[in-house]
Amino acid sequence: MEKQDGKRVVILGGGVAGSILAKSLQFHAHVTLIDPKEYFEISWASLRAMVEPSFAERSVINHRDYLTNGNIVVSSAVNVTETEVLTADGHRIEYDYLVIATGHADHVPKTRSERLNQFKEVGTWVMKFIFSAENQKIKSASSILIVGGGPTGVELAGEIAVDFPNKKITLVHKGSRLLEFIGAKAADKTLKWLTSRNVTVKLEQSVDLNAATDGRKIYQTSHGETIEADCYFLCIGKPLSSAWLKETVLKNDLDVQGRIKVDDRLRVKGRSNIFAIGDITDIPELKQGFLAQQQAAVVVNNLKVMIEGGRECRMESYKPHSAMAVVSLGRKDAVAQLPFVTLVGRVPGFIKSGDLFVGKTRKQMGLDPHPIQA
């Protein structure tokens, strides 16, 4: 299909949702992708890359590799008006249609080479706060503390426990169970799997990470227990990348948690030409990569309908999904909460853990799933 009347689609955010949207629309409209970094990272593969740095060669992808027929502006959006986007480096980019897919705030390097180096050397990797420790630091540590028992903390503990079985790993979580975003049965199975791999799990406790003094790497929990660790990972939630919208024309389109309010067609409520997808929306479902990709597919269809001048009845609606999740536990196992059953072990691990859907995602982006590394 030819580009219709030169319609301009501006996409803010080059994560899992924004990148597939840009790739899918590049021959249907004049697409401009605005992202503060030059690459798309398959975010759920980052933990594997920390213990196996070469994995990042496939999971960190330059935007230009898949977006061959669009504009890329490497900068952050700082303002939105009814007709244009202003970026931090001074670009003013007009749009006919705008899609906001900025997700969570994440302080990562600008270039792909810098990001790959982070996985190979001691560097910084941000969850909510910046912390040091990647592959070399994991290798050199004999004891590791993980704070946070959500999917990131659990998956990181699993990756380290499998790749470095002699490390002493302690996971501390303030909640009453792990993985509180899914069911108790899945959480119980996950706890049993971790403890069977000699991971010490401390629930309903917090840790004062500033307590270590005089070079001693001993931390104290809220229950008065002490934990010795050579390094730690703070695996708690990252803030949404929406604070900047409070000073724009969209300031009244945010809920109290900073999420963008959208209708069932993923348009910002009350607006006909501005969409939002991914973690930044108020859709009542778990925030997961594969769901963000499904939202992107709905917006691709709806934008094509609008660009072609089609009737609104041809537009698709997005229906929130029930709580389903697959959380990796090392390289071969996983825990899966499905609509009618909860599984742990090799069967759900076959679904996700081996390749972490990296090959599938690369194929969706029109790239070789398994490129030969130089």
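Where in the chain is Leu-266 found? In this predicted model, Leu-266 sits in the loop between strand S17 (231–234) and S18. Its backbone stands out a little: phi is positive, about 70°, although the residue is not a glycine. As for the side of the protein it ends up on, Leu-266 has a relative accessibility of 1%, and because buried means under 20%, it counts as buried. Glu-204 is another non-glycine residue with a positive phi, here near 55°. Glu-204 also belongs to a loop, namely the one between strand S14 (199–203) and strand S15 (218–220).

Next comes the nonpolar interior. In soluble globular proteins, nonpolar side chains tend to be buried together. The largest nonpolar core here has 63 residues, and within it Leu-12 and Ile-100 touch the most other members. Several elements supply two or more residues each: strand S1 (8–12), H1, strand S2 (30–35), strand S6 (77–80), strand S9 (97–100), strand S18 (274–276) and H9. H9 is the top contributor, giving ten residues to this core. Apart from this core lies another one, made of 37 residues, among them Leu-116, Ile-146, Leu-156 and Cys-235. Back in the largest core, what does Leu-12 touch? Leaving aside residues up to four places away in sequence, Leu-12 is in contact with Ile-34, Ala-77, Val-80, Val-85, Leu-98, Val-99, Ile-100, Ala-101, Thr-102 and Trp-244.

Two of the helices that feed the largest core, H1 and H9, also pack against each other. Helix H1 (residues 16–25) meets helix H9 (residues 289–307) at an angle of about 35°, and their axes are 8 Å apart. The crossing of the two is right-handed. On the H1 side, the contact is made by Val-16, Ala-17, Ile-20, Leu-21, Ser-24 and Leu-25. H9 answers with Gly-289, Ala-292, Gln-293, Ala-296, Val-299, Val-300, Leu-303 and Lys-304. Sorted by type, the residues of this contact come out as ten nonpolar, three polar and one charged.

Strands S6, S7 and S8 follow one another through hairpins. Strands of a sheet pair through backbone hydrogen bonds, either parallel or antiparallel. S6 and strand S7 (residues 84–87) take the antiparallel option, with three bridges between them, and the hairpin that joins them runs through three residues. Ala-77, one of the contacts of Leu-12, stands opposite Thr-87 in S7. On the next pairing, S7 and strand S8 (residues 92–94) are again antiparallel and joined by three bridges. Here Glu-84 has Glu-94 in S8 as its bridge partner. The hairpin of S7 and S8 has four residues between the strands, and in it Gly-90 takes a positive phi near 95°.

Further along the chain, three strands make an open, antiparallel sheet in the order S19-S20-S21. Strand S19 (325–329) and strand S21 (342–345) are the edges, each pairing on one side only. On average, neighbouring strands of this sheet are turned by 10° against each other, direction ignored. Helix H8 (residues 184–196) packs on the sheet and touches S19, S20 and S21, with its direction making about 10° with that of S21. Within the sheet, strand S20 (residues 333–337) pairs with S21 over four bridges in the antiparallel sense. One of the bridge pairs has Ala-334 facing Gly-345 in S21.

Two charged residues in helices round off the picture. Is Glu-155, found in helix H7 (residues 151–163), buried or exposed? Its relative accessible area is 8%, so Glu-155 is buried. Not counting residues up to four places away in sequence, Glu-155 touches Trp-44, Leu-47, Val-326, Val-327, Ser-328 and Lys-352. Lys-137, placed in helix H6 (residues 135–140), has a relative accessibility of 26% and therefore counts as partly exposed. Lys-137 and Met-50 are 87 residues apart in sequence, while their C-alpha atoms are 9.8 Å apart in space.

Terms used:
Residues are numbered from 1 along each chain as its sequence is written. This is a predicted model: local features need pLDDT of at least 70, side-chain atom pairs count only at pLDDT 80 or more; totals for chains, interfaces and linings use all residues. Side-chain values use heavy atoms; hydrogens and water are left out. Axes are lines fitted to C-alpha atoms, for helices over the stretch in contact, and angles run from 0 to 180 degrees between N-to-C directions. A crossing is left-handed if the near helix is turned anticlockwise from the far one by less than a right angle, and right-handed if clockwise. Contact means heavy atoms within 4.5 Å. Ala, Val, Leu, Ile, Met, Phe, Trp, Tyr, Cys and Pro count as nonpolar, Asp, Glu, Lys and Arg as charged, and the others, Gly among them, as polar. Buried means under 20% relative accessible area, exposed over 50%, partly exposed in between (1.4 Å probe, protein chains only). Two strands pair if DSSP finds at least two bridges between them. A nonpolar core is a set of buried Ala, Val, Leu, Ile, Met, Phe, Trp, Tyr and Cys residues joined through side-chain atoms within 4.5 Å.
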